Amino acid sequence: MFKEFNATKKKIFRIMDDQGLIISDKHMPDINDQELVDAYHNMVFARTADHMTVSYQRQGRIYTYPPNYGQEAIHGATARVMRPDDWLVPAFREMGAWLAKGATLKDIFLYFMGYEVGNTWPAANHFLPISVPIASQLPHAAGIGYAIKYKKLDEVVFAFVGDGGTSEGDFHEALNFAAVWKVPVVFIVQNNQFAISVPFRMQTASDGIAIKSVAYGMPGIQVDGNDFFAMLKTLQEASVHCRSGNGPVLIEAITYRKGAHTTSDDPTKYRTKEEEESWEKKDPLKRLKNYLDSKGLLDETEDRRLEEQYRLEIDRIFMEAENQPASPLEDVFKYMYADMPDDLKKQQVEHENFLQWKESNS
Amino acid sequence: MSMKIMNMVNAINSALDIKLAEDPDIVVYGEDVGVEGGVFRVTEGLQLKYGADRVFDSPLAESAIAGTAIGMAAAGLRPIIEMQFCGFVYPAFNQIISHLARMRNRSRGRIEMPVVVRIPYGGGINALEHHSESMEALYAQIPGLKVVIPSTPADAKGLLISAIESNDPILFMEPKRIYRAIKQEVGEEKFSIPIGKAKIITPGTDVTVVAYGAMVREVQKALPRLKEAGISVELIDLRTIYPMDKETLAQSIRKTGRLVFVAEEPTSFGVGAEIIAMANEEAFLYLQAPPKRVTAFDTIVPLPKGEHHYIISPEKIFYEIQKTVKF
């Protein structure tokens, strides 16, 4: 498949059209009806949680949050392919993949409410926390890949970055290291057309991102990131490629960020209604729903009931997270070092003395 | 323990050799460290002994060398990376500052960073631009890092073994001017020297002189003349920049009442400023003279034909110490 859709051939890999009709049956990924319906419901859950998080932010109940709206098929497909021992190296906009890795919605809420503990995902293993400096997580993925190869483990790293991140030096260094070392990393570029306000055409003069794979000596593919089947097939093939010891793969998932960059951003300043509408019909969930409907796999009433159940569940989890007390002073210090320097101990004690003084003088 | 004459290059090599043999999770890499054994030959012979998957040349990109080490550490390895020269670390700053120093805190202790970043540093070797600076204060100010600088072959070995065994990220800065200049008997087997503890090299009563790295030797060169002048110097080798052994320093300053700090770093906003602040906080009423920094100018390190102006000489150290004592 990577030969057929080799990045130099300038073909975007699609299986399903904008209406949800299958246009390339021979590439249909390996997934049965029940798994497909489950995957769809997981994506609906992630989208519902995402929408609700934005409204919690609007209500002043959570801090800055980067919405996932419109990009759920990429995460939903990753969720299906990623095995429990595989590694997830996130950027910050792939909620469906975090949930699949074992993050709970409560963990995620806590993180965006301002608790470091929201980074710990106690139920998960083999992941790195959310990485804010753009593309800086990709060299970590190459390093994890090296450790996997060194220890001869059957694991793959799924590493995320956005289209803006591909302009960073770390993107290039990471791809180069991973290819030279021939380590099992799937680099997933979510090309959602914008880096905050800067359109993709201003990031690179090359014809897309996938083409860059040629220079690094790894397979690269441009795939319709709003086509769940195409994403799933691509990730399945990439995973097999990595597990067979063939080195890394670069996937450029073409998608559209339907929401704002973060809740602090106003997209009306840099894009038009017409553009937003043109992407609306390519919405990943609508397309998959159309397909599922055509196969008679969905039950409208059941779906409405499920969605309502999701909303109640999400709200319950959110309120549980809201009950978390503010982080104690000792937490500011105690995770800094395995072996804490005396200076830090002293600074903590001095501040505690001040707090005691404040208490007794109030 | 059987002893062997070693210079600092041999001693660091010995520490790496011992740890590589002991712990299969240790990997050593960077630019030219594999086949060539590093531009200073510190890793010579290690690839042959431990294989090219454990001691190897990476592509030439400092940010990814540091960044991949972070990933390896998260996945259970204990990488030791070499930054070829101090002036080439800056591309890796984002990785060192934004991730290496923060991953433990960010993950609430779940992901530790047992990474050693080896950095040959300092001037006095007639080098090209970007090869001679002493920017240890930059790293010492970053919360989450530790900064260690040895001054002798034996210290280099003992401190490096501690650094490799530490679960905190350590910047291990090697004073390349004395890589081969000092030879001494060093234990052939494993031994360690604790991080965060300074060493009193010569006890004295008139003035506390704090130095580290290549400057310890320069102070030692000034000692006979100071003795002749009737000045009793307590020379302390800091050994670890952060966390700083303030207790040993403060005790000494309270005893001598005077402090002279000698280092290759630029004068302002540096390790010296921190030590003087500490002297004020911990020994204010004992001070009999203003603390003095004998440090480099706040200028760019001159190229070799001008570097003699910049380098701290034993004469200058003598001059400043006797001035402080006579204050």
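This report describes the fold of chain A, the sheet of chain B, the contact between the two chains and some local backbone features. The model is a predicted one.

**Chain A: overall form**

The secondary structure of chain A consists of 13 helices and 7 strands. For a chain of 362 residues, a compact globule would have a radius of gyration near 21 Å; the value for chain A is 22 Å, which agrees with that expectation. Along the principal axes, the C-alpha atoms of chain A fill a box of roughly 75 × 50 × 40 Å. Of the 362 residues in chain A, 46% are buried. Among the contacts in chain A with a separation of 6 or more, 75% are between residues 24 or more positions apart.

**Chain A: the parallel sheet**

Chain A contains an open sheet of 5 strands in the order S1-S2-S3-S7-S6, with parallel pairing. Its edges are formed by strand S1 (87-89) and strand S6 (220-224) of chain A, each of which pairs on one side only. From one strand to the next, the twist averages 20°.

Within this sheet, strand S3 (residues 185-191) and strand S7 (residues 249-254) of chain A pair in the parallel sense over 6 bridges. In this pairing, Val186(A) stands opposite Val249(A) of S7(A). Helix H8 (residues 228-243) of chain A lies across S3, S6 and S7 of chain A, and runs at about 170° to S7(A).

**Chain B: the mixed sheet**

In chain B, 7 strands form an open sheet in the order S3-S2-S4-S5-S7-S6-S12, and the pairing is mixed. Strand S3 (55-57) and strand S12 (240-242) of chain B stand at the edges with a single partner strand each, so one side of each has no neighbour in the sheet. With direction ignored, neighbouring strands of this sheet are turned by 20° against each other on average.

Strand S2 (residues 26-30) and strand S4 (residues 78-82) of chain B run parallel and are joined by 5 bridges. Gly30(B) stands opposite Glu82(B) in S4(B). Helix H3(B) packs on the sheet, where it touches S2, S4 and strand S5 (116-121) of chain B; the direction of H3(B) makes about 170° with that of S4(B).

The two strand pairs described above are set out below.

| Strand pair | Sense | Bridges | Facing residues |
|---|---|---|---|
| S3(A) and S7(A) | parallel | 6 bridges | Val186(A) and Val249(A) |
| S2(B) and S4(B) | parallel | 5 bridges | Gly30(B) and Glu82(B) |

**Helix H3 of chain B**

At 1.5 Å a residue, the 13 residues of H3(B) should span 18 Å; the end C-alpha atoms of H3(B) are 19 Å apart, which agrees. In H3(B), 13 of the 13 residues are buried, so the helix is largely enclosed by the rest of the structure. Just after H3(B), Gly76(B) takes a positive phi of about 100°.

**The contact between chains A and B**

The contact takes 33 residues from chain A and 36 residues from chain B. On the side of chain B that touches chain A, helix H3 (62-74), helix H4 (93-100) and helix H5 (103-106) of chain B each supply at least two residues. The largest share of that side, 9 residues, comes from H3(B). Classified by residue type, the side of chain B that touches chain A has 12 nonpolar, 17 polar and 7 charged residues. H3(B) thus appears in two settings: H3(B) packs on the sheet of chain B, and H3(B) also supplies residues to the side that touches chain A.

**Local backbone features**

Two residues other than glycine are described here for their positive phi. Ile196(A) has a phi near 50° and is placed in the loop between strand S4 (194-195) and strand S5 (198-199) of chain A. With 14 other C-beta atoms within 10 Å, Ile196(A) is partly exposed, because a residue counts as buried at 20 or more and as exposed at 12 or fewer. In chain B, Asp32(B) has a phi near 70° and lies in the loop between S2 and helix H2 (46-50) of chain B. Asp32(B) is likewise partly exposed, with 17 other C-beta atoms within 10 Å.

A cis peptide bond, with omega about 0°, joins Tyr242(B) and Pro243(B). Pro243(B) is located in the loop between S12 and helix H9 (246-256) of chain B.

Note on methods. Residues numbered from 1 in each chain as written. Chains lettered and ligands numbered in written order. Predicted model: local features only at pLDDT ≥ 70, side-chain atom pairs only at ≥ 80, totals over all residues. Contact = placed C-beta atoms within 7 Å. Helix = DSSP H or I, 4+ residues; strand = E, 2+ residues; numbered from the N terminus. Nonpolar A, V, L, I, M, F, W, Y, C, P; charged D, E, K, R; others polar. Rg over C-alpha atoms; globule rule 2.2 N^0.38 Å. Pairing = 2+ DSSP bridges. Axes fitted to C-alpha atoms, helices over the stretch in contact; angles between N-to-C directions. Expected span 1.5 Å × (residues − 1).
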